[in-house]
Amino acid sequence: MSKTALITGASKGIGKELAFLFAEKEHNLVLVARSAEALEKIKVEIEETCPVSVHTMVVDLCGASAAQAVFNEVKEKVGDIDYLVNNAGFGDYGAFSDTEWDCYERMIALNVTTLTHLTHLFVCDWRGRKPGRILNVSSTAAFQPGPMMAVYFATKSFVLHLSEALGEELKKDHITITALCPGPTSTHFGEVSKMSASQLVKNVPIADAKKVAALGYRAMMQGRAVVIHGAMNKLAPFAIRFLPRKWVTCLSAKIMRQ
Ligand SMILES: NC(=O)c1ccc[n+]([C@@H]2O[C@H](COP(=O)([O-])OP(=O)(O)OC[C@H]3O[C@@H](n4cnc5c(N)ncnc54)[C@H](OP(=O)(O)O)[C@@H]3O)[C@@H](O)[C@H]2O)c1
């Protein structure tokens with residue numbers, strides 16, 4: 001019997017690539033984002049090429065009741081979900097005090113609150129009934145503080161720690177949670193977050209979104225706890241374990257500077 005995956009932030013970037021991967025494996029889809037036209041285009045392309053059905057939902061996931069609204073519509077119009085991919089997210093490069101509060105409020109709402117609420121809704125739905133798998137898109141930003149992107153880095157640490165903790169806690173219910181940690185990847189993220197101003201993206205190779213999505217998909221299906229994309233990206237989280245935290249933050253500040 002075919003299964004169904006819900007993917008947030010599926011209109012572009014890593015989420016869009018994940019949508020095509022799930023469809024190739026003949027999973028039905030629920031695709032969520034704000035861009036109605038982009039979602040409709042993806043739906044048509046997938047339904048023309050793969051034997052699956054695609055339900056799209058145009059929702060701003062920064063809204064306070066967004067997760068509940070998504071869950072209610074899914075239960076009413078689609079039914080059960082087997083895979084939840086919490087991918088939607090954004091960052092903002094710049095000094096903390098130069099950024100409007102509204103931007104941080106929306107970032108925390110999307111990257112943290114809605115992700116956690118959707119996870120809670122589906123875990124409660126699955127427990128003791130039909131276990132599912134969750135893929136939470138974190139980042140290599142999760143492993144250290146990030147001056148000039150302090151709030152974004154902190155939200156991604158939250159996602160990593162939440163995923164690891166829940167993965168352990170929910171083992172007994174056969175629910176798996178995977179945290180995908182990409183480094184800089186070729187998507188709209190660079191433009192949205194203004195990251196192109198930082199040394200980070202000037203000095204490291206930029207990954208292909210398709211490859212990052214494929215790694216996340218495989219890791220989720222294998223029930224792995226954490227997966228980092230790219231050999232260089234794996235090195236830093238390993239190496240910083242042996243350095244004093246103060247040094248790590250100073251080093252991160254140097255890398256993040258304009
Ligand atoms: N690219 C990188 O370098 C990189 C590195 C590490 C981690 N990540 C993480 O990877 C994830 C995917 O990002 P990406 O790189 O694929 O960026 P992207 O190309 O900008 O895609 C972001 C997706 O999230 C959706 N989204 C943004 N705000 C939303 C909102 N308020 N409500 C609903 N959907 C929203 C966007 O759709 P709409 O605009 O249509 O709403 C889009 O589909 C994010 O969590 C990001 O933090 C990216």
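**Buried helix faces, core and ligand shell**

Val 159 is buried, with 25 other C-beta atoms within 10 Å. A residue counts as buried here once 20 or more such atoms lie within 10 Å of its own C-beta. The model is predicted. Val 159 belongs to helix α5, which covers residues 150-169. Beyond its neighbours within four places in sequence, Val 159 contacts Asn 111, Leu 115, Asn 136, Ser 138, Ala 142 and Ala 179. One of these partners, Ser 138, lies 21 residues from Val 159 in sequence. In space, the C-alpha atoms of Val 159 and Ser 138 are 5.7 Å apart.

Val 212 gives a second view of the interior. Val 212 sits in helix α8, residues 209-222. Val 212 is buried, and 25 other C-beta atoms lie within 10 Å. Its contacts, leaving aside neighbours within four places in sequence, are Ile 14, Pro 182, Thr 185, Ala 207 and His 229. Val 227 is 15 residues away from Val 212 along the chain. The C-alpha atoms of Val 212 and Val 227 are separated by 10.0 Å.

Helix α8 itself has 14 residues. From first C-alpha to last, α8 reaches 20 Å, close to the 20 Å expected at 1.5 Å a residue. Besides Val 212, the buried residues of α8 are Ala 209, Ala 213, Gly 216, Tyr 217, Ala 219 and Met 220. The cover over these buried residues includes helix α1. It also includes the strands β5 (133-137), β6 (176-181), β7 (185-186), β8 (207-208) and β9 (226-228). Just after α8, Gly 223 adopts a positive phi of about 70°.

Helix α2 spans residues 36-49. Its 14 residues should extend 20 Å at 1.5 Å a residue, and the end C-alpha atoms are indeed 20 Å apart. Leu 39, Ile 42 and Ile 46 are the buried residues of α2. They occupy an arc of only 65° around the axis, so they lie on the same side of α2. Ala 36, Glu 37, Val 44 and Glu 48 are exposed on the other side of α2. The buried residues of α2 are covered by elements including α1, β2 (28-33) and β3 (54-58).

Helix α3 can be read in the same terms. Helix α3 comprises the 12 residues 66-77. The expected span of α3 at 1.5 Å a residue is 16 Å, and its end C-alpha atoms are 16 Å apart, which agrees. Ala 66, Ala 67, Val 70 and Val 74 are buried in α3. Seen down the axis, they fall within an arc of 100°, and therefore line one face of the helix. On the other side of α3, Asn 72 and Glu 76 are exposed. The buried residues of α3 pack against β1 (4-8), β2, β3 and α4 (101-126). Gly 79, just after α3, takes a positive phi of about 110°.

The largest nonpolar core has 64 residues. Leu 6, Ile 7, Ala 19, Leu 29, Leu 31 and Val 32 have the most contacts inside this core. Leu 6 touches Val 30, Val 32, Val 74, Ile 81, Leu 84 and Val 85, not counting residues up to four places away in sequence. Val 74, one of these partners, is also among the buried residues of α3.

The ligand is surrounded by 29 residues. The closest are Gly 9, Gly 13, Arg 34, Ser 35 and Gly 89. By class, the shell divides into 14 nonpolar, 12 polar and 3 charged residues. Helices α1 (13-24) and α6 (189-193) each supply at least two residues of this shell. The largest share, 3 residues, comes from α1.

Lys 25 lies in the loop between α1 and β2. Lys 25 counts as partly exposed because it has 14 C-beta neighbours inside 10 Å. Ala 209 is 184 residues from Lys 25 in sequence, and the two C-alpha atoms are 18 Å apart in space.

Notes. Residues numbered from 1 in each chain as written. Predicted model: local features only at pLDDT ≥ 70, side-chain atom pairs only at ≥ 80, totals over all residues. Near = placed C-beta within 6 Å. Helix = DSSP H or I, 4+ residues; strand = E, 2+ residues; numbered from the N terminus. Nonpolar A, V, L, I, M, F, W, Y, C, P; charged D, E, K, R; others polar. Core = buried A, V, L, I, M, F, W, Y, C linked by C-beta atoms within 7 Å. Buried ≥ 20, exposed ≤ 12 C-beta atoms within 10 Å, placed from the backbone. Contact = placed C-beta atoms within 7 Å. Expected span 1.5 Å × (residues − 1). Arc of directions from axis to C-beta.
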